[in-house]
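Hi,

Here is the structure I said I would pass on. Have a look at it first, and my notes follow underneath.

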Amino acid sequence: MFFTKRRFVTSIWKISFVIPLLCFFGTPTKADFEEAWSAYENGKYNVAVREFLRCAERGNDKCQLYLGDIYRYGHGTVVRKDRALEWYLRSVKQKNSVAAVRLYSLFLHNSVVSEDKIKAYMWLKIAKVLGQNLRLSIEDRLKSSMTSDEAAESQRLATEWWMKHQ
């Protein structure tokens with residue numbers, strides 16, 4: 001099979017355009033995560049925040065999870081539970097089951113109004129669907145502190161979330 005000059009130029013143009021895109025978008029976020037984690041383990045929290053943020057913005061669900069933890073507990077930054085919530089939500093949208101457990105915990109331990117219990121139970125259900133092996137006693141304890149309407153609302157919200165993000 002032969003190439004005409006035009007087909008050859010078009011093919012070269014496509015290759016020269018696509019390869020840099022693959023290099024840019026295919027940058028290994030694993031290396032970014034490793035750098036961020038290393039900084040975190042060594043107590044360089046400011047560096048870790050910057051590295052986790054860079055990695056998280058590229059869509060790495062583990063970096064999003066750990067960035068949520070950093071904001072939740074204030075390592076290298078001020079405690080910002082609203083930012084923690086944002087990063088946990090981004091991570092769980094990518095089916096990170098640990099992020100769903102963190103959301104369950106965040107809502108449960110901030111339980112000032114009954115809506116927080118409902119959302120906590122919702123995230124517990126989602127974490128289980130995503131594969132977290134949670135003790136049945138955890139679910140039973142939370143469910144026993146709720147009315148049947150609250151439990152039904154939690155189940156409805158969990159199902160609605162799952163259908164939207166499946």
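Cysteine 63 counts as buried, because its relative accessibility is 0%. Keep in mind as you read that this is a predicted model. Cysteine 63 is joined to cysteine 55 by a disulfide, with an S to S distance of 2.1 Å. Cysteine 55 is buried too, its relative accessible area being 0%. The torsion about the S-S bond of this pair is about 70°, so the disulfide is right-handed. If you go looking for others, you won't find any: the structure holds one disulfide.

Now the overall layout. The protein chain has nine helices and zero strands, so to speak a plain run of α-α-α-α-α-α-α-α-α from the N terminus on. Of its 166 residues, 34% are buried. Taking the contacts with a separation of 6 or more, 51% are between residues 24 or more positions apart.

Next, the core. The largest nonpolar core has 41 residues, and the ones that touch the most other members are Phe52, Val92, Trp123 and Ile126. Eight helices, α2 (29–41), α3 (45–57), α4 (61–73), α5 (81–93), α6 (97–109), α7 (114–129), α8 (136–144) and α9 (148–165), each supply at least two residues of this core. The largest share, eight residues, comes from α7. In general, nonpolar side chains in soluble globular proteins tend to be buried together.

Phenylalanine 52 is a good place to start if you want to click around. Leaving aside neighbours within four places in sequence, phenylalanine 52 is in contact with Phe33, Ala36, Trp37, Tyr40, Cys63, Tyr66, Leu67 and Ile70. Note Cys63 in that list, which is one end of the disulfide.

Over in helix α7 you'll find alanine 120. Its relative accessible area is 0%, so alanine 120 is buried. Beyond the residues within four places in sequence, alanine 120 is in contact with Tyr104, Phe107, Leu108 and Leu142. Alanine 120 also sits 8.9 Å from valine 101, C-alpha to C-alpha, with their positions 19 residues apart in sequence.

Then there is a polar spot. Which side chain does the side chain of serine 97 make a polar contact with? The partner is glutamine 132, at 2.9 Å. Serine 97 is in helix α6, and its relative accessibility is 12%, so serine 97 counts as buried, the cut-off being under 20%. Not counting residues up to four places away in sequence, serine 97 touches Ala127, Leu130 and Gln132.

Last, the pocket. The largest pocket holds about 170 Å³ of space. Its lining is made up of Leu85, Leu89, Lys93, Phe107, Lys119, Met122, Trp123, Leu157, Trp161, Lys164 and His165. Helices α5, α7 and α9 each supply at least two of the lining residues, and α9 gives the most, with four. Two names in the lining have come up before: Trp123 is among the core residues that touch the most other members, and Phe107 is one of the contacts of alanine 120.

Shout if you'd like to go through any of this together.

Cheers

Terms used
Residues are numbered from 1 along each chain as its sequence is written. This is a predicted model: local features need pLDDT of at least 70, side-chain atom pairs count only at pLDDT 80 or more; totals for chains, interfaces and linings use all residues. Side-chain values use heavy atoms; hydrogens and water are left out. A nonpolar core is a set of buried Ala, Val, Leu, Ile, Met, Phe, Trp, Tyr and Cys residues joined through side-chain atoms within 4.5 Å. Buried means under 20% relative accessible area, exposed over 50%, partly exposed in between (1.4 Å probe, protein chains only). Contact means heavy atoms within 4.5 Å. A polar contact is a pair of N or O atoms within 3.5 Å; within protein, one must be able to donate a hydrogen and the other to accept it, and residues adjacent in sequence count only if both atoms are side-chain atoms. A disulfide is a pair of cysteine sulfur atoms within 2.5 Å. On a 1 Å grid over the protein atoms alone, a cavity is a set of points where a 1.4 Å probe fits but cannot get out, and a pocket is an open set with protein on both sides within 12 Å along at least five of seven lines; lining residues have an atom within 4 Å of a point. Grid points are joined across faces, edges and corners, and a volume is the space filled by probe spheres set on the points.
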